[in-house]
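Please look over the sequence and the structure below before reading on. The report that follows takes up a few parts of the chain in turn, and it may help to find each of them in the picture as it is named.

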Amino acid sequence: MVEVTYLGHSGFTFKTGKYTLVIDPFLTGNPSAVNTPADIQPDYILVTHGHTDHLGDALQLAAANNAVIIAPHELAQFCASRGAAIHSMHIGGSFGFPFGRVKLTTALHGSAFIDDEGITYTGNPVGFLLELPGCVVYHAGDTGLFSDMKMIGDAGTIDLALLPIGDNFTMGPDDALIAAGWLHPGLVVPMHYNTFEVIEQDPHDFVSRLAVAGIAGRVMTPGETFSL
Ligand code: NI
Ligand code: MN
């Protein structure tokens, strides 16, 4: 059994009983977050790409919890240069961790760390396919729709798909609906919406449209937890 908590935006924690993982822990500066970094004590931190709304508090969380950052190679090296313990991977590769297996998938997006000093490119963005105890989770990262999602959906059963619906920077609801059809997961949870004005969407409308297509969906509010 896995306990899934939504942190807002694209952030989720997964508790497997023994291990806590977090994906894209954007808490500080996230207007939709109700949790603080102190609320989560991750063993592993998975980061899809270098944008600050995904890398978020990863470096601070890694330092505070002796956690390992799992990320695509260039982003992992960037994190290592800032003092983090890392496990570097790349698209198409998978690795068995103590908590389960992680495979990196394609994502159509950009990846860079941008601050007052300038812009540091951090390679390709990714999604994560997680084989956790008793369930398979697909976190699409920030991405536009791509037809290889059919392949990801056909490769095995996905119990939970986390899909961006915000539009502008990623898929909007129309494309996310197509993605859900291709992935045919047991449950879809929308993410990456309503954090900023430019990505405002109605997640309940999206979930209603999923239901019409025969796909289960669930809107999670930040801080909410359920068991999978
Ligand atoms: Ni992004
Ligand atoms: Mn983003």
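## Positive phi angles, a helix and the cores

H184 counts as partly exposed, with a relative accessibility of 45%. This residue belongs to a predicted model, and H184 sits in the loop that runs between helix 5 (173-183) and strand 14 (187-191). Although H184 is not a glycine, its phi is positive, at about 30 degrees. H9 likewise has a positive phi, of about 55 degrees, without being a glycine, and its place is in the loop between strand 1 (3-8) and strand 2 (11-15). H9 counts as buried, because its relative accessibility is 1% and the cut-off for a buried residue is under 20%. A further positive phi belongs to G83, which comes just after helix 3.

| Residue | Phi | Place |
|---|---|---|
| H9 | about 55 degrees | loop between strand 1 and strand 2 |
| G83 | about 95 degrees | just after helix 3 |
| H184 | about 30 degrees | loop between helix 5 and strand 14 |

Which residues of helix 3 are buried? In this helix, which spans residues 73-81, they are L75, A76, F78 and C79. Seen down the axis of helix 3, these buried residues fall within an arc of 155 degrees, so they line one face of the helix. As a general rule, an α-helix has 3.6 residues a turn, so residues three or four places apart point the same way. The cover over the buried residues of helix 3 includes helix 1 (52-55) and helix 2 (58-65), together with strand 5 (68-72), strand 6 (85-89), strand 9 (112-115) and strand 10 (118-121).

In soluble globular proteins, nonpolar side chains tend to be buried together. Here the largest nonpolar core has 51 residues, and those with the most contacts inside it are F14, L130, Y138 and L163. Leaving aside residues up to four places away in sequence, Y138 touches T105, F128, L129, F146, M149, I152, I158, L160, A161, L162, L163 and L183. Apart from this core lies another, of 21 residues, and among them are I40, A58, L75 and A84; L75 is also one of the buried residues of helix 3.

Some nonpolar side chains lie at the surface instead, where I114, I119 and Y121 make a nonpolar patch of about 350 Å². I119 is found in strand 10, and I119 is partly exposed, with a relative accessible area of 47%. Strand 10 is also included in what covers the buried residues of helix 3.

Notes. Residues numbered from 1 in each chain as written. Chains lettered and ligands numbered in written order. Predicted model: local features only at pLDDT ≥ 70, side-chain atom pairs only at ≥ 80, totals over all residues. Heavy atoms only, no water. Buried < 20%, exposed > 50% of the residue type's maximum accessible area, 1.4 Å probe, protein only. Helix = DSSP H or I, 4+ residues; strand = E, 2+ residues; numbered from the N terminus. Arc of directions from axis to C-beta. Contact = heavy atoms within 4.5 Å. Core = buried A, V, L, I, M, F, W, Y, C linked by side-chain atoms within 4.5 Å. Patch = residues over 30% accessible without salt bridge, like charges linked within 9 Å, V, L, I, M, F, W, Y side chains within 5 Å. Areas by Shrake-Rupley, 256 points an atom, 1.4 Å probe, with all protein chains shown as cover. Salt bridge = Lys/Arg side-chain N within 4 Å of Asp/Glu carboxyl O.
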